[in-house]
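Trainee: I have a model open and would like to talk through how its helices and strands are arranged. Could we take it one piece at a time?

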Amino acid sequence: MQLVLDWDGTVTERDTLDLVLERFGDAEIYERAEAELEAGRMTLNEVISAEFAVVTAPLDEVVAHVLEHARVRPGFAELARKRGPLIVSSGFHELIEPLLEREGVLDAVELRANRVDARPDGWRVHYRVGHACGECGEPCKRADLPDGEIVYAGDGHSDYCAALAADRVFATGGLARWLERRGVPFTPLTDFHALASEL
């Protein structure tokens with residue numbers, strides 16, 4: 001059984017991309033792009049590109065902000081060391097790895113995430129998945145799922161398609177609401193002590 005975790009809002013208590021955009025982004029562009037995503041008029045990748053194109057802060061300044069403000073859910077480090085989960089994120093290696101290092105589990109997990117080129121004229125995102133998924137029609141995390149039995153934990157839009165392909169789902173936030181509306185069973189995600197005791 002393979003444990004697959006989303007990062008932002010799942011491992012972290014708050015979405016770190018939102019933390020960055022609140023401090024360094026443009027609120028108007030953020031709100032417009034998120035509304036387009038909900039309406040199905042933009043893909044998640046298009047939204048992330050638009051939101052980060054206006055971020056011009058140096059990477060080290062942004063990483064320092066994330067390290068200061070981001071908190072991980074209780075029990076994550078113990079679970080990571082014991083289970084060696086696969087983390088699949090729509091966020092960036094450059095922001096996630098410093099947090100994994102802070103928690104002492106950089107070498108305990110496998111990370112698949114996007115990359116960012118933190119340019120002074122606006123950040124450019126390099127996506128690890130470029131092709132559209134046959135199920136949901138946009139580049140998503142389903143292709144990252146390993147073979148065999150999967151336990152998946154997530155919280156938002158980027159987790160919809162992957163969650164439907166998993167054998168068991170722990171969900172919070174928007175993912176929990178989305179699964180509930182579709183009558184898809186899931187276990188509420190509170191923290192990783194609780195998740196570990198369920199496995």
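Trainee: Thanks! At what angle do helix H3 and helix H4 pack?

Mentor: Happy to help, and keep in mind that this is a predicted model. Look at H3, residues 27-39, and H4, residues 44-52, whose axes are 9 Å apart. Angles over 145 degrees count as roughly antiparallel, and H3 is therefore roughly antiparallel to H4. The packing angle is about 175°.

Trainee: How many residues of the contact of H3 with H4 are nonpolar, and how many are charged?

Mentor: On the H3 side you will find Ile 29, Tyr 30, Ala 33, Glu 34 and Leu 37. H4 brings Leu 44, Val 47, Ala 50 and Glu 51. There are no polar residues in this contact, and by class the rest come out as seven nonpolar and two charged.

Trainee: Moving along, which orientation word fits H2 and H5?

Mentor: The axes of H2 (residues 16-24) and H5 (residues 59-69) come within 10 Å. They cross at roughly 120°, in a right-handed crossing. An angle of 65 to 115 degrees would count as roughly perpendicular, so with its crossing at roughly 120° H2 is, relative to H5, oblique.

Trainee: Which residues of H5 make the contact with H2?

Mentor: From H2, the contact uses Thr 16, Leu 19, Val 20, Arg 23 and Phe 24. By class, the contact of H2 with H5 has five nonpolar, three polar and two charged residues. The H5 members are Glu 61, Val 62, His 65, Val 66 and His 69.

Trainee: H5 also meets H7; is that crossing left-handed or right-handed?

Mentor: The axes of H5 and H7 (residues 93-102) come within 10 Å and cross at roughly 45°. These two helices are therefore oblique to each other. As for the hand of the crossing, it is right-handed.

Trainee: How many charged residues are in the contact of H5 with H7?

Mentor: H5 contributes Leu 59, Val 62, Val 63, Val 66 and Leu 67. H7 contributes Glu 94, Leu 95, Pro 98, Leu 99 and Arg 102. Eight of the contact residues are nonpolar and none is polar, while the number of charged residues is two.

Trainee: Now the sheet: what is the order of its strands?

Mentor: This is an open sheet of seven strands, with mixed pairing. E4 (124-126) and E7 stand at the edges with a single partner strand each, so one side of each is left without a neighbour in the sheet. The order is E4-E3-E2-E1-E5-E6-E7.

Trainee: Which strands of the sheet does H7 touch?

Mentor: H7 packs on the sheet, and its direction makes about 130° with that of E3. E3 covers 110-117, and the other strand it touches covers 86-92. The strands touched are E2 and E3.

Trainee: What is the bridge partner of Gln 2 in E5?

Mentor: Start with E1, residues 2-5, which is joined to E5 by four bridges. The two strands run parallel. E1 also pairs with E2 in the parallel sense over two bridges, where Leu 5 stands opposite Ile 87. In E5, the partner of Gln 2 is Ile 150.

Trainee: Which helix lies between E5 and E6 in their β-α-β unit?

Mentor: E5 (residues 150-154) and E6 (residues 168-171) pair in the parallel sense over four bridges. Among the facing pairs, Tyr 152 stands opposite Val 169 and Val 151 stands opposite Arg 168. The β-α-β unit is right-handed, and its helix, residues 160-165, is H8.

Trainee: Last one: through which helix does the chain cross from E6 to E7?

Mentor: E6 and E7 (residues 187-188) pair in the parallel sense over two bridges. Phe 170 has Thr 187 as its bridge partner in E7. The β-α-β crossover between these strands is right-handed, and the chain makes it through residues 173-181, helix H9.

How values were computed: Residues numbered from 1 in each chain as written. Predicted model: local features only at pLDDT ≥ 70, side-chain atom pairs only at ≥ 80, totals over all residues. Heavy atoms only, no water. Axes fitted to C-alpha atoms, helices over the stretch in contact; angles between N-to-C directions. Parallel < 35°, antiparallel > 145°, perpendicular 65-115°, else oblique. Left-handed = near helix turned anticlockwise from the far one by under 90°. Contact = heavy atoms within 4.5 Å. Nonpolar A, V, L, I, M, F, W, Y, C, P; charged D, E, K, R; others polar. Pairing = 2+ DSSP bridges. Right-handed = clockwise from strand over helix to strand, strands pointing away.
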